[in-house]
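Thanks for coming. I have one structure to go through today, and I will keep to the salt bridges and one helix pair. Please have a look at it first.

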Amino acid sequence: MLTQQQNDISYLNRLTILFGIVALADSVSVDTVKTKFMPMLSSLQKDPVANVRLNVAKTLSALSTTVKQNKDSTEQAKLILKSLQADKDRDVTFYAQKALKLFWLQQINLSLNHMGFWGFG
């Protein structure tokens, strides 16, 4: 159903997809994010409605914990966010930058944990 609404004429239906993904963020598998959600987000990053693009960035923030578990999804998310960071709408760029910082901080935290910096390694 989500994939059918992805190309819907109404931007409200496309926003509903994004809100649905956020609602499912903590309960879906890494594979579902990679195979179902990331292709939709990649497509919706080019939406003509700025509010949809802005919510793509917010959705990636919500999915960051799951996305970071898969290298391909992480790289795809960063590419999407870097593209949105160059958007002509300043609200889109704001949320894209915010999401990129979240991915960056998670990567640093993961690296420090692997090095035993926090005393857990």
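**Salt bridges and a helix contact**

Let me start with aspartate 87, which is buried, with a relative accessible area of 16%. Before going further, please note that this is a predicted model. The partner of aspartate 87 is arginine 53, and their side chains meet in a salt bridge, at 2.6 Å from N to O. Where do the two sit? Aspartate 87 is in the loop between α5 and α6 (90-115), arginine 53 is in helix α4, and the pair links distant parts of the chain, 34 residues apart. Arginine 53 is buried as well, because its relative accessible area is 6% and the cut-off for buried is under 20%.

Now the overall layout. The protein chain has 6 helices and 0 strands, and in sequence order the pattern reads α-α-α-α-α-α. It has 121 residues, of which 38% count as buried. The exposed surface of the protein chain comes to about 7,200 Å², with 56% of that supplied by carbon and sulfur atoms. As for contacts between residues at least 6 apart in sequence, 62% of them join residues at least 24 apart.

Back to the charged pairs. How many salt bridges does a search of the whole structure find? The search returns 3. As general background, side chains of opposite charge can pair when their charged atoms come close.

Another of these bridges joins aspartate 47 to arginine 14, with the closest N and O atoms 2.4 Å apart. Aspartate 47 is in the loop between α3 (30-44) and α4 (50-67), while arginine 14 belongs to helix α2 (residues 11-24), so this pair ties together parts that are 33 residues apart in sequence. Are these residues buried or exposed? Aspartate 47 counts as buried, at 7% relative accessibility. Arginine 14 also counts as buried, with a value of 7%.

Then there is lysine 34 with aspartate 72, where the closest N and O atoms are 3.4 Å apart. Lysine 34 is in helix α3 and aspartate 72 in helix α5, so the parts tied together here are 38 residues apart in sequence. On accessibility, lysine 34 is partly exposed, with a relative accessible area of 34%. Aspartate 72 is partly exposed too, at 48%.

That pair takes us to the helix contact. The axes of α3 and α5 come within 10 Å and cross at roughly 10°. At that angle α3 is roughly parallel to α5, because angles under 35 degrees count as such. Which residues make the contact? From α3 there are Lys34, Met38, Pro39, Leu41 and Ser42, and from α5 there are Asp72, Ser73, Gln76, Ala77 and Ile80. Sorted by class, that gives 5 nonpolar, 3 polar and 2 charged residues.

One last residue on helix α5, which spans residues 71-85: threonine 74. Threonine 74 is buried, with a relative accessible area of 12%. Leaving out residues up to four places away in sequence, threonine 74 touches Val67, Lys68 and Phe103.

To recap the bridges: aspartate 87 pairs with arginine 53, aspartate 47 with arginine 14, and lysine 34 with aspartate 72. That is what I have; I will take questions now.

How values were computed
Residues numbered from 1 in each chain as written. Predicted model: local features only at pLDDT ≥ 70, side-chain atom pairs only at ≥ 80, totals over all residues. Heavy atoms only, no water. Helix = DSSP H or I, 4+ residues; strand = E, 2+ residues; numbered from the N terminus. Buried < 20%, exposed > 50% of the residue type's maximum accessible area, 1.4 Å probe, protein only. Contact = heavy atoms within 4.5 Å. Areas by Shrake-Rupley, 256 points an atom, 1.4 Å probe, with all protein chains shown as cover. Salt bridge = Lys/Arg side-chain N within 4 Å of Asp/Glu carboxyl O. Axes fitted to C-alpha atoms, helices over the stretch in contact; angles between N-to-C directions. Parallel < 35°, antiparallel > 145°, perpendicular 65-115°, else oblique. Nonpolar A, V, L, I, M, F, W, Y, C, P; charged D, E, K, R; others polar.
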